[in-house]
Amino acid sequence: MSADRGVYLTEFDIHVGYTHIKNPIALAPMAGITNIDFVRDHAMSAGLAVIGGYNLDDATNEAAKSINERRRAEFVTPEPIKHLRGELDCLKGMDDHPTIALNVRSTEITPLMEAALLAKEYGAILEIDCHCRQPEMTDIGVGEPLLQDLQKLGSIISKIKKTEVVLSVKTRSGIVDDRELAVAIEEAGADMIHIDAMEPGFGADYNAIKAVRNATGLFIIGNNSVTDFRSAKDMFGYGADMVSLARAVPKIPGVIDDLVRSVTTFQKQTGWYNAPKHICSGGDDRALTFCCLPVKRCAIQRVLRRYGLTPQEFADLKVELSRGTPLELGDNTCFGTLIWCCKLTKPCFMRDAVLDQIGISGVEYMKLKKRLSEGILERLRNSQSQLP
Ligand SMILES: Cc1cc2nc3c(=O)[nH]c(=O)nc-3n(C[C@H](O)[C@H](O)[C@H](O)COP(=O)(O)O)c2cc1C
Ligand code: SF4
Ligand code: SF4
């Protein structure tokens with residue numbers, strides 16, 4: 001997570017720029033459905049509620065009317081800013097409501113800038129909809145076509161960011177190169193990427209989340225087919241900072257409340273709700289913190305090669321970054337210190353005996369591993385950026 005972008009996480013103290021997000025569960029947008037009334041009915045416990053998609057100019061509102069005519073729900077908002085202000089005003093004076101993001105579309109830049117200023121005024125997030133594939137929208141160049149035109153998308157992002165709004169971009173994976181897309185979004189200055197990791201016929205494509213996690217420091221909202229804690233945990237394990245749900249919310253009563261409860265319990269038990277899977281189980285590069293001393297041929301070799309690091313240099317880096325911490329202890333573990341030890345959720349009586357002996361809780365152990373992970377990635381990315 002890149003602290004220099006104003007993004008940092010402390011035990012469910014999730015901040016992106018000026019926003020404070022109370023937990024990592026989000027409502028995803030559904031046009032014509034997810035407005036503030038919907039949030040009040042289904043998603044008050046969520047950390048983030050993305051409402052919309054709202055149409056901000058004449059062209060998108062005309063497209064929305066045509067979509068309505070074929071009986072697909074859309075919001076038609078002839079006075080969009082007034083309408084959105086009204087929506088945001090509904091939450092005034094309400095305690096503990098989710099952070100709001102406005103998912104929006106427009107063929108023109110001025111309405112996007114106006115919506116950005118409004119979102120900022122209310123401490124909300126603006127989200128550009130690069131996801132919609134309804135032909136009436138794609139024909140006028142909004143929604144998914146923006147994924148195909150990185151120059152245009154980058155220009156829109158950098159103009160909007162001049163307002164200093166916290167900006168998210170809603171994407172769909174598998175349309176273009178997910179890595180290239182995410183890097184372009186990050187370089188243009190957006191803060192967050194909200195990825196519908198859709199794999200037609202197969203549910204979610206976690207590798208799309210992992211590719212973006214490994215390539216950028218963007219705050220990632222992972223989306224698609226999250227219906228319970230198991231599917232949310234998978235999304236977290238491949239690098240999502242938050243998960244969002246759309247279709248499950250009206251279908252499964254209380255699904256957001258249940259997920260918020262489960263992830264809160266998990267965070268209390270483990271201290272790192274989105275800890276990565278081990279590299280050999282397909283996890284992202286944050287999982288180098290859980291890697292063994294690299295003495296055998298295994299999946300770590302591929303990752304080290306990508307960063308141009310020898311096994312010895314990696315071993316030295318982990319030792320250096322753990323110096324002076326309790327991770328240096330642990331004679332009775334496989335490799336002689338906790339530096340090389342596995343994730344807490346992997347049962348191990350040897351590691352747990354050491355933690356007991358030195359008086360470190362599992363949660364504290366995971367926080368040390370998280371800090372080590374951040375240190376490793378910072379060092380690896382810095383050394384990569386200095387390559388000619
Ligand atoms: C009826 C409906 C309307 C949607 N409208 C929007 C939209 O306006 N903007 C957007 O970015 N995504 C929209 N989506 C996509 C969802 O936000 C989400 O990415 C997708 O449904 C996959 O997540 P899920 O498996 O949790 O449903 C819509 C989805 C549905 C089902
Ligand atoms: S070093 Fe250990 S944890 Fe890492 S990929 Fe290899 S076997 Fe898995
Ligand atoms: S002691 Fe347990 S936790 Fe540590 S490396 Fe060995 S198996 Fe993993």
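## Strand pairing, helix packing and ligand surroundings

Within the predicted model, Asn-103 has Glu-127 of strand S7 as its bridge partner. This pair belongs to the contact between strand S6, residues 99-105, and S7, residues 125-129, where the two strands run parallel and are joined by 4 bridges. Both strands are part of a closed barrel of 8 strands, in which the order is S4-S5-S6-S7-S8-S9-S12-S13 and the pairing is parallel. From one strand to the next, the twist averages 25°.

Further along the barrel order, strand S8, residues 166-172, pairs with S9 in the parallel sense, and 5 bridges are found between them. In this pairing, Thr-171 stands opposite Ile-195 of S9. Helix H7, residues 178-188, forms a β-α-β unit together with S8 and S9, and this unit is right-handed. Strand S9 spans residues 192-196, and 5 of its 5 residues are buried. The cover extends to both faces of S9: Met-192, His-194 and Asp-196 are buried on one side, and Ile-193 and Ile-195 are buried on the other. S9 also pairs with strand S12, residues 219-223, again through 5 bridges in the parallel sense. Here Ile-193 is the residue that stands opposite Ile-220 of S12.

Helix H8 comprises residues 206-215 and is mostly covered, with 7 of its 10 residues buried. Tyr-206, Ala-208, Ile-209, Lys-210, Ala-211, Val-212 and Arg-213 make up this buried set. Thus the buried residues of H8 include the charged residues Lys-210 and Arg-213. The partners against which the buried residues of H8 pack are H7, S9, strand S11 (203-204), S12 and helix H9 (229-237).

The closure of the barrel involves strand S13, residues 242-245, from which Met-242 and Ser-244 point one way and Val-243 and Leu-245 the other way, all of them buried. On one side, S13 pairs with S12 in the parallel sense over 3 bridges, and Met-242 of S13 is the bridge partner of Ile-221. The chain passes from S12 to S13 through H9, and the resulting β-α-β crossover is right-handed. S13 is also joined by 3 bridges to strand S4, residues 25-27, and these two strands run parallel. Leu-27 and Leu-245 of S13 are bridge partners in this contact.

Several backbone features were also identified. Most residues other than glycine have a negative phi, and most peptide bonds are trans. The peptide bond between Gly-52 and Gly-53 is cis, with omega at about 0°. Gly-53 is located in strand S5, residues 48-55. A positive phi of about 65° occurs at Arg-71, which is not a glycine. Arg-71 belongs to the loop that connects helix H2 (58-69) and helix H3 (80-89), and it counts as exposed because it has 6 C-beta neighbours inside 10 Å. Glu-164, likewise not a glycine, has a positive phi of about 70°. Its position is in the loop between helix H6 (150-161) and S8. With 12 other C-beta atoms within 10 Å, Glu-164 is exposed.

The surroundings of three ligands were then examined. Ligand 1 has 20 residues around it, of which Ala-28, Ala-31, Gly-53, Ala-246 and Arg-247 come nearest. Gly-53, a member of this nearest group, is also a residue of the cis peptide bond described above. The shell around ligand 1 consists of 9 nonpolar, 7 polar and 4 charged residues.

Around ligand 2 are found His-278, Ile-279, Cys-280, Phe-290, Cys-291, Cys-292, Pro-294, Cys-298, Ala-299 and Ile-300. By class, 9 of these shell residues are nonpolar and 1 is polar, with no charged residue present. The residues that surround ligand 3 are Cys-292, Thr-333, Cys-334, Trp-340, Cys-341, Cys-342, Cys-348, Met-350 and Arg-351. This shell is made up of 7 nonpolar, 1 polar and 1 charged residues. Cys-292 appears both around ligand 2 and around ligand 3.

Notes: Residues are numbered from 1 along each chain as its sequence is written. Chains are lettered from A and ligands numbered from 1 in the order in which they are written. This is a predicted model: local features need pLDDT of at least 70, side-chain atom pairs count only at pLDDT 80 or more; totals for chains, interfaces and linings use all residues. A residue is near a molecule or strand if its C-beta atom, placed from the backbone, lies within 6 Å of it. Two strands pair if DSSP finds at least two bridges between them. Axes are lines fitted to C-alpha atoms, for helices over the stretch in contact, and angles run from 0 to 180 degrees between N-to-C directions. A residue is buried if 20 or more other C-beta atoms lie within 10 Å of its own, exposed if 12 or fewer, and partly exposed in between; C-beta atoms are placed from the backbone. A crossover is right-handed if, with the strands pointing away from the viewer, the path from the first strand over the helix to the second runs clockwise. Two residues are in contact if their C-beta atoms, placed from the backbone, lie within 7 Å.
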